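I opened the notebook today to go through some backbone geometry, then a helix and a sheet. The entries follow in the order in which I looked things up.

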Amino acid sequence: MKQHRYNILTTAFTALFLLFTGVVNGQVIQTEPNFPTEDQPLTITFDASEADRNDLEGFTGDVYAHTGVIISESDMGSNNWSYVIAEWNENLPELQLSHLGDDLWELEIEDIREFYDVPESVEQIYQLAFVFRSADGSRQTEDLFVDIFDGELTVRFNRPNVSPLNPYFTQLNEIVEFEIVGSAPSGTLASITLFEGESELASVSDSNELNYSYEVTSTGRTDFYVVAEDESGNSTEDSLYIIVNPDVTVQPRQAGIEDGITYHDDDPGRVTFSLFAPDNEFVYLIGDFNDWEVNPDYMMNRDETGPFDGYHYWVEIDGLQPGQEYAFQYFVDGEIRMADLFSEKVLDPWNDIYLINDGIYPDLMPYPSGQTQEIAGVIHPGRDAYDWQVPDFERPHAEELVIYELVIRDFLDEGTYANMADTLGYFERLGVNAIELMPVSQFDGNLSWGYNPAFHFALEKAYGPAEDFKRFVDEAHQRGIAVILDVVYNHATDQSPLIRLKGSDRNENPLIGPGHAYNVFNHLNHDHPYIQYWLDRANRHWLERYNVDGFRFDLTKGFAANPGISSNVDNYNQGRVDNLKRMADEMWSFDSDAYLILEHFQREEELELAVYGRDEGFQGMMFWNNMNHEYSEASMGYTSNLTNTYFGNINGLDVANGISYMESHDEQWMMLKNLKFGNSSSDGSYDVTHDLTALERQKSVAAFFLTVPGPRMLWQFGELGYGGGPNECLKPGDGSDGDCEPSDPGRTDQKPVRWDYYENSARQNVYRSWSEMLRLRNENPVFTSRETVFESSLGGEVKWMRMQHETMDAMIVGNFDVETQSSTVTFPDSGEWFDFVTGTTLNAETADQTFELQPGEVRIYTSQFVEPAGEDVFVSSERQEESTQPQTFRLNPNYPNPFNPTTNISYEIPERSDVTIAVYDMLGREVATLVQDQQHPAGTFTVSFDASGLSSGIYFTRLEAGSTSVTRKMSLIK
C-alpha cells in the first residue's frame with residue numbers, strides 16, 4: 001500500500017469517488033483521449049486551480065507526480081495503490097510535469113503498463129492514481145484518479161462540470177450548455193439522445209459528441225439523462241440533475257435549540273439540526289433519510305438572530321425510526337460536504353474499513369459509499385439511555401489523587417473500552433484512584449496518541465462503541481476510580497468542521513488564531529465567542545453524557561489568540577489567563593468539583609490559576625508539574641534535587657494543585673535511563689545499569705514520590721519497570737533519535753504492550769512495592785493532606801522527608817548514591833517508630849538518629865503502627881542475586897580495570913545456551929578459557945580472571961553464545 005507524506009498519522013485524504021475525466025474546462029484532470037485505454041498513449045493535463053487542495057495554485061516551481069495504479073474494481077477510488085513508481089520525495093525525470101502556464105501542467109505516458117511496470121499477470125488496470133506535489137513534497141493535491149477503459153460502450157456528461165454525486169446549481173433564465181461525449185467498441189456511436197425527464201431534447205447520429213443549449217425556466221430540481229447506442233443496438237446511460245434554489249426561508253430557531261443535533265423527548269422520531277455558517281449562502285441536509293440527494297424539502301432555514309455574528313442554518317425532520325441510526329451531512333453552498341461539528345459519532349470513508357473489526361466495534365454501520373464523500377455524522381433518535389450504576393460518583397479529593405496516565409492503544413493488546421473495563425482490577429490492586437486517558441475523541445486515522453483531533457464530541461471508534469466506554473467509566477466508579485480525559489482544544493485537523501467550512505487560512509477563517517511555537521495543525525482562536533461556546537459545550541458533553549470526572553487540557557499555552565502569542569507564548573499572557581478563568585467559571589457552573597488540569601508550564605500563570613475560584617469554594621485549577629529530570633537523575637544515582645515534588649515548595653503554593661510526575665507520555669522512561677546511563681560504585685559492586693539494580697531503583701524513587709502529599713501521576717507500566725527493552729524508547733519531538741536507536745518506533749508510533757512483565761517476579765515486585773506504598777498513602781492522611789506539616793532535605797545523596805499530621809507522623813530517609821552512606825536525620829520526636837519497609841521497630845531514645853544506608857536503600861517510618869509491606873516486597877541485599885531474567889546476552893566491563901593481577905567479569909545469559917568466555921592477547925592468541933558450558937543456565941554470573949602468569953598489556957575478553965559474540969577490552973598493569 002502506498003504511503004503519502006500526509007499519512008504520518010495514518011490518515012488518508014482520499015477522493016473516495018471517481019474523477020470522471022475528459023478534455024473539458026473546469027476539471028482537475030483532463031485526458032486525451034477522453035476515454036483512455038491501456039493500449040493508447042495518454043496525455044494528462046492537471047489544473048491546479050480546480051483541485052480541492054489549493055497548495056499548487058499559482059505555484060511555478062517543479063511539479064512531480066506520485067502515482068500508482070488500481071488493479072481491483074473494489075479498490076477504485078481508495079488508497080490501496082499498486083505498482084507505485086517511486087517513494088514520496090523521489091523526483092524521477094519521467095514523473096515531472098511540464099508547466100503549460102495558468103496553473104495547467106501536463107504529463108505524457110506512452111504505454112501505461114510499461115510506465116508502471118505492471119506485469120501481464122495483472123488482468124486489468126482499473127484506474128491510474130495520482131497525487132501531484134512540489135519537488136520537496138511540501139505542497140500537494142488530494143488523491144486523484146483517472147479511469148482506464150477497455151473499449152466498452154461509454155457515455156457521460158462533460159458539461160455542466162459536476163461530480164457524479166453533485167447537482168449543478170444554476171439560476172432561472174440561465175443557459176446551461178450540455179456537452180456529452182461517448183465511445184463505442186467500433187469507434188463511433190450510432191446515436192446519442194438527451195432527455196429532460198421523459199421528454200427528448202436532442203439527438204445525434206453517427207457521432208461521439210452531442211451539444212445542446214438549455215434555458216432554465218423553473219425552480220427546484222430538474223433531471224436529465226442521456227442514452228448512447230452502438231451499431232449493434234447496445235445502450236448505456238448517464239444522468240445528472242440541476243437545482244435552482246428556492247429563496248432561503250429566514251426564520252429564527254425554536255427556543256432551546258442549540259447548534260448541533262437536538263433530539264425531542266416528546267417525539268423520538270423528530271430531530272432538529274443546526275449549523276453555524278456565518279456568511280454562507282445556503283445549506284441542504286442530506287442523508288440516509290433522503291437518499292443523499294439534494295432535495296429542496298431539506299433546504300435549511302436561516303436564523304439571522306443568533307447570539308453570534310453570522311447565520312445559523314437549521315431544519316427539523318420527523319418520521320425517523322426510533323432506535324435506528326442514520327448517517328447525514330450538511331451540503332454547503334453546493335460545494336462542501338461535512339459532518340456536524342457536534343456529532344457524537346462519525347463515519348470515515350478512509351479509515352473505518354481498517355483495523356475496526358466486528359470484535360472491536362460490533363455491527364458498525366457502514367459508510368454510505370457511492371452516495372456521498374467526506375466524513376459523515378450519525379444521529380440515533382430514540383436511543384436507549386444507559387443505566388448508570390453509579391450516577392453520583394464521589395470523586396477523590398484533588399490532593400488525594402493518584403492518576404494513572406495511559407494510551408489505550410499501547411496499554412492492551414486489543415485496546416478497547418471493553419477490555420479497559422475488564423482490566424480495572426489491575427488499577428484497583430495497584431492503588432490508583434484515577435485513570436487519565438490520552439485523547440479518545442475522534443482523531444484522524446485509527447492509530448494515534450490522539451493529539452490530532454477532528455471531531456471533539458465523538459468517541460474514537462477504533463477503541464469500540466460508546467456503550468462500552470460508558471461501562472468502563474461506570475465500573476471504574478464502582479471501584480472508587482475517577483476517569484479523567486485528556487482533551488485537545490488548542491487545535492484541530494483539516495477534517496474538523498471548524499476548518500472544513502472556511503478552510504485553514506486564518507485570513508478567511510475567523511475561528512483560527514495565530515500559531516505559536518508549540519502549535520500543530522490549525523490553532524484555534526480562543527478569543528472568538530464561537531470557539532468559547534464550542535469548548536464549553538464539549539466540556540459539558542463529556543461530563544454529562546459520559547459521566548467523566550474532569551479533564552487534562554492539552555497545550556493550554558494556546559488558549560489565546562490575542563496579539564503577541566506567537567512570539568510571547570512563554571511569558572505571562574493576560575488574555576490567555578482570562579480565557580482559562582472564563583472556561584473554568586462555565587465548567588464549574590454545571591459541575592462544581594470537576595477536575596480541571598492544565599498542561600501549561602508557565603509558572604506565573606499556574607500559580608494564579610491554581611488559587612482561582614478557591615474563595616467561591618472551588619478547587620482551583622491543577623497543573624502538570626514535570627519532575628522527570630530530577631527523578632531520573634536520582635534513579636540513575638547522580639546529583640538531583642526533588643524539592644519541587646511537594647506542592648508547598650513550588651513558589652510557596654499553599655494549595656495542593658501541582659500534579660507531580662516522574663514520567664509521562666512526553667518523557668523518556670526512567671528505566672531506560674537507568675540501563676543506559678546509570679551510575680556505578682567505585683569498586684563496581686553496585687551498578688545501576690544492571691537489570692535488577694535498575695528495577696530496585698524504581699522502588700527507591702517511588703518511596704520519595706508516592707508518599708508526598710499532593711496529587712501524583714504515574715505513566716503506564718512504570719510500575720513494571722517499562723523502558724529499555726526492545727522498541728521501548730521514546731524519541732524526542734525534534735525529529736532526532738535522542739536516546740533511541742534509529743530502528744526504534746517513532747515518537748507517537750505504537751510501542752510494545754508488555755503484560756508479560758507482570759509475570760516476571762522482579763518486575764512484579766516493583767508493582768507490589770508501589771502498590772504497598774499506595775496502600776500506605778491511601779490509608780493515612782499524613783501522606784495526602786494539605787494540613788500535613790512537610791519538611792525535607794531532597795537535594796543531597798541522602799534525602800529525607802519529615803511529615804507531621806494530627807493523625808500520625810512519618811519520617812522517610814533514603815540513600816540515592818551508589819556508595820554506602822551514613823547520615824543523621826532528626827525525627828519529629830523520640831519514641832517508638834515502625835519501619836514500613838522491613839516491619840521492624842525503632843526505639844529512638846532521641847529524635848536524632850544515625851543510619852548507615854546501602855545504595856538505593858530507603859526506610860519509611862511511622863509513629864503509629866501500620867501493617868508493613870508484604871514480605872520480600874522491598875528486596876534485601878541478601879536477595880539481590882535473585883535477579884530478573886536477563887533480556888539479552890551481555891558481557892559487562894571487568895572491574896577493576898586496569899587490574900593487577902586479578903579482575904572480576906560479570907555476564908548475563910537470557911536462556912540456557914552453549915556459552916564460551918575466553919581471554920585473548922593483542923595478537924589474538926587465546927590465553928585463558930574462563931567459561932565453557934554447552935548447557936549454561938540463564939541468569940547473571942561473575943567469574944574471576946587471574947593474570948599472574950601474564951605480562952602487562954591489553955587483553956580482550958570475548959563471550960560467544962549461539963550467534964552472539966561480545967568483546968570487551970581490559971588493561972593489565974603490573
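I began with F717, which is buried, because its relative accessible area is 1%, and the cut-off for that class is under 20%. The model is a predicted one, and I keep that in mind for every entry here. In the backbone, F717 has a positive phi of about 70 degrees although it is not a glycine. I noted this angle because most residues other than glycine have a negative phi. As to its place in the chain, F717 sits in the loop that runs between β36 (712-715) and α13 (761-779).

I then turned to F521, another residue other than glycine with a positive phi, in this case near 55 degrees. I asked myself whether F521 counts as buried, exposed or partly exposed. F521 has a relative accessibility of 41% and therefore counts as partly exposed, since that class lies between 20% and 50%. I located F521 in the loop between α6 (497-500) and β31 (522-523).

Next I looked up the cis peptide bonds, which deserve an entry because most peptide bonds are trans. I found one cis bond going from E32 to P33, with omega near 15 degrees, and I placed P33 in the loop between β1 (29-32) and β2 (42-47). I found another joining N897 and P898, where omega is about 0 degrees; P898 belongs to the loop between β45 (890-891) and β46 (902-909).

I went back to α13, the helix that follows the loop of F717, and asked what caps its N-terminal end. The cap is N760, which has a side-chain oxygen 3.0 Å from the backbone nitrogen of A762. For the length of α13, I recorded 19 residues and a reach of 26 Å from the first C-alpha to the last, which is close to the 27 Å expected at 1.5 Å a residue.

My last entry concerns an open sheet of three strands, which I wrote down in the order β3-β6-β7, with antiparallel pairing. Its edge strands are β3 (63-70) and β7 (144-147), each of which pairs on one side only. From one strand to the next, the twist averages 30 degrees. I then followed the pairing of β3 with β6 (residues 127-134), and found that eight bridges join these antiparallel strands. For V69, I looked up the bridge partner in β6 and noted that it is L128.

Terms used: Residues are numbered from 1 along each chain as its sequence is written. This is a predicted model: local features need pLDDT of at least 70, side-chain atom pairs count only at pLDDT 80 or more; totals for chains, interfaces and linings use all residues. Side-chain values use heavy atoms; hydrogens and water are left out. Helices (H or I, at least four residues) and strands (E, at least two) are DSSP runs, numbered from the N terminus. Buried means under 20% relative accessible area, exposed over 50%, partly exposed in between (1.4 Å probe, protein chains only). The expected span of a helix is 1.5 Å times one less than its number of residues. A polar contact is a pair of N or O atoms within 3.5 Å; within protein, one must be able to donate a hydrogen and the other to accept it, and residues adjacent in sequence count only if both atoms are side-chain atoms. Two strands pair if DSSP finds at least two bridges between them. Axes are lines fitted to C-alpha atoms, for helices over the stretch in contact, and angles run from 0 to 180 degrees between N-to-C directions.
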